[in-house]
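Me: I would be grateful for a close look at one part of this structure, the open sheet and the helices that pack on it. Please explain it in a connected way, and set it beside the other parts of the chain where that is useful.

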Amino acid sequence: MSDLVGLVRAVQANYYRVRLRESINGIEELLCVRRARLKKMGQQVCVGDWVVVSHPDWQGHRGAIAEILPRRNQLPRPAIANVDQVLLLFALADPPADAHQITRFLLTAEGLNVEIHVVFTKADLVSPQEQQQWRDRLHQWGYHCHVLSLTQGSDWQHLHPQLADKITVVCGPSGVGKSSLIRHLTPREDIRVGAVSDHWHRGRHTTRHVELFPLPAGGWIADTPGFNQPELPQDVQQLAVAFPEIRQRLSKGQCLFDNCRHDQEPGCCVRGDWERYPLYIEYLHELETIASSEPSLGKMLPVKAKSDRQGQQRLEPLLDPKKYRRRSRRQQHQHLNPMAEEVLDSEL
Ligand SMILES: Nc1nc2c(ncn2[C@@H]2O[C@H](COP(=O)(O)OP(=O)(O)OP(=O)(O)O)[C@@H](O)[C@H]2O)c(=O)[nH]1
Ligand SMILES: [Zn+2]
């Protein structure tokens, strides 16, 4: 008999909601735990994983995840596997669009190495001129964007073809309409699924969890918790390549120094009169300040001599930020209780 394979739609506490690749006797989903063997091997299951299910209990709609199929990629926060694209959503008003905040989201999305779609909502709240200004602005930054309203017209339906057959993650600040958009795109989806809902809602974690919703034309879409200020990339190199404007300048020219920070260095081909250059410089200095304020690192790290803007020499640490970066508070909070899982595993 062939393996029972499914897609993990949601993870909460120690339960995994798995949508079977093919429904069996009308049953589409099983509520699963993770086999002890996977746990011993330290394998975490995350939303978006394709998994092999064993021990199906068709009456109780239960099962156990026996194997995780290879992942194409994995977003770290929130943990979602096999992501095809990120849809960044911003409102044109209420809350107003803000270049600084949009850039922080774009930088995070750029670091994920997946396709990026930018969408502005609440077009009904601003003039056509203002809509066009944001379109032009994003175009100059190197992005195409959609502008739409969920309360007027049906432009949002133009998103369907871009989402079909893909796993799309919607990110954006709080209150921009992420949940509303997903409700529009997945009209027939019932979040509570028959027999599994009782077990599901008994979970200890009451915070909003990540979930994949099926799209009518195939594919899946997930909302992510709204947070307003994503973290910066991990190092200066990653920061620079996360700006399409910088990538474009570096594809045409070359800076004098290989390790140019594109700040005050002579012979820099990136420094210039482009809109987001001051933002790049602000984030560059923010990253460098974080790096140099790590108290325990100053002693351990090699330093390099640098000239500041007044021509004074100063020492700067040469960091390997990946190695020394602290875990974020969000990561720490996402750690689930392993004890409870032990009990469930031992039942199988
Ligand atoms: N005028 C107008 N209001 C909208 C539009 N889209 C969403 N809204 C409203 O904006 C508010 C916030 O929408 P949500 O979908 O809850 O936003 P969210 O991004 O999921 O917010 P968080 O859950 O905080 O992350 C709601 O009152 C929606 O009705 C739109 O296109 N135009
Ligand atoms: Zn440079």
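Reply: What follows describes the open sheet, then its helices, and then the barrel for comparison. The model is a predicted one.

The open sheet consists of six strands. Read across the sheet, their order is β10-β9-β8-β11-β13-β12, and the pairing is mixed. Which strands form the edges? They are β10, residues 145-147, and β12, residues 212-214, each of which pairs on one side only. From one strand to the next, the twist averages 25°.

Within this sheet, β8 and β9 can be followed residue by residue. Strand β8 covers residues 85-91 and strand β9 covers residues 115-121. The two run parallel and are joined by seven bridges. One of the pairings places V86 with I116 of β9 as its bridge partner. Another sets L89 opposite V119 in β9.

How many residues of β9 are buried? Six of its seven residues are, so β9 is largely enclosed by the rest of the structure. For this statement, a residue is called buried when its relative accessible area is under 20%.

The helices come next. Helix α2 packs on the sheet and touches both β8 and β9. The direction of α2 makes about 175° with that of β8. Helix α3, residues 128-141, lies across β9 and β10. With respect to β10, helix α3 runs at about 170°. Strand β9 is thus touched by α2 and also has α3 lying across it.

Helix α2 has a further partner in helix α9. Two packed helices are described by the angle between their axes and the distance between the axes. Here α2, residues 99-110, and α9, residues 277-292, pack at an angle of about 65°. Their axes are 11 Å apart. The crossing in which α2 passes α9 is right-handed. On the side of α2, the contact is made by A99, H100, T103, R104 and L107. On the side of α9, it is made by L279, E282, Y283 and E286. Sorted by class, this contact holds four nonpolar, two polar and three charged residues.

Helix α9 also contains L287. Is L287 buried or exposed? Its relative accessible area is 8%, so L287 is buried. Leaving aside residues up to four places away in sequence, L287 touches L232, P233, D235, V236 and L239. One of these, V236, lies 51 residues away along the chain, yet the C-alpha atoms of L287 and V236 are separated by 7.2 Å.

Helix α8, residues 244-252, links several of the helices already named. P244, E245 and I246 of α8 are buried. The buried residues of α8 pack against α2, α3, α9 and α7, the last of which spans residues 236-241.

A second arrangement of strands may be set beside the open sheet. In what order do the strands of the barrel follow one another? Five strands close into this barrel in the order β1-β2-β3-β5-β4, with mixed pairing. The twist of the barrel averages 50° from one strand to the next.

Several of its pairings can be traced in turn. Strand β1, residues 4-12, and strand β2, residues 15-24, run antiparallel and are joined by six bridges. V11 has Y16 of β2 as its bridge partner. The hairpin of β1 and β2 has two residues between the strands, and A13 takes a positive phi near 50° there. Strand β2 then pairs with strand β3, residues 27-34, in the antiparallel sense over five bridges. In this pairing, Y16 has C32 of β3 as its bridge partner. The hairpin of β2 and β3 likewise has two residues between the strands, and here N25 takes a positive phi near 50°. On another side of the order, β1 pairs with strand β4, residues 50-57, in the antiparallel sense over four bridges. There L7 stands opposite W50 in β4.

C32 leads to a last point, on cysteines. The relative accessible area of C32 is 0%, so C32 is buried. C260 is buried as well, with a relative accessible area of 8%. How many disulfides does the whole structure contain? A search of it finds zero.

Note on methods: Residues numbered from 1 in each chain as written. Chains lettered and ligands numbered in written order. Predicted model: local features only at pLDDT ≥ 70, side-chain atom pairs only at ≥ 80, totals over all residues. Heavy atoms only, no water. Axes fitted to C-alpha atoms, helices over the stretch in contact; angles between N-to-C directions. Left-handed = near helix turned anticlockwise from the far one by under 90°. Contact = heavy atoms within 4.5 Å. Nonpolar A, V, L, I, M, F, W, Y, C, P; charged D, E, K, R; others polar. Pairing = 2+ DSSP bridges. Disulfide = S-S within 2.5 Å. Buried < 20%, exposed > 50% of the residue type's maximum accessible area, 1.4 Å probe, protein only.
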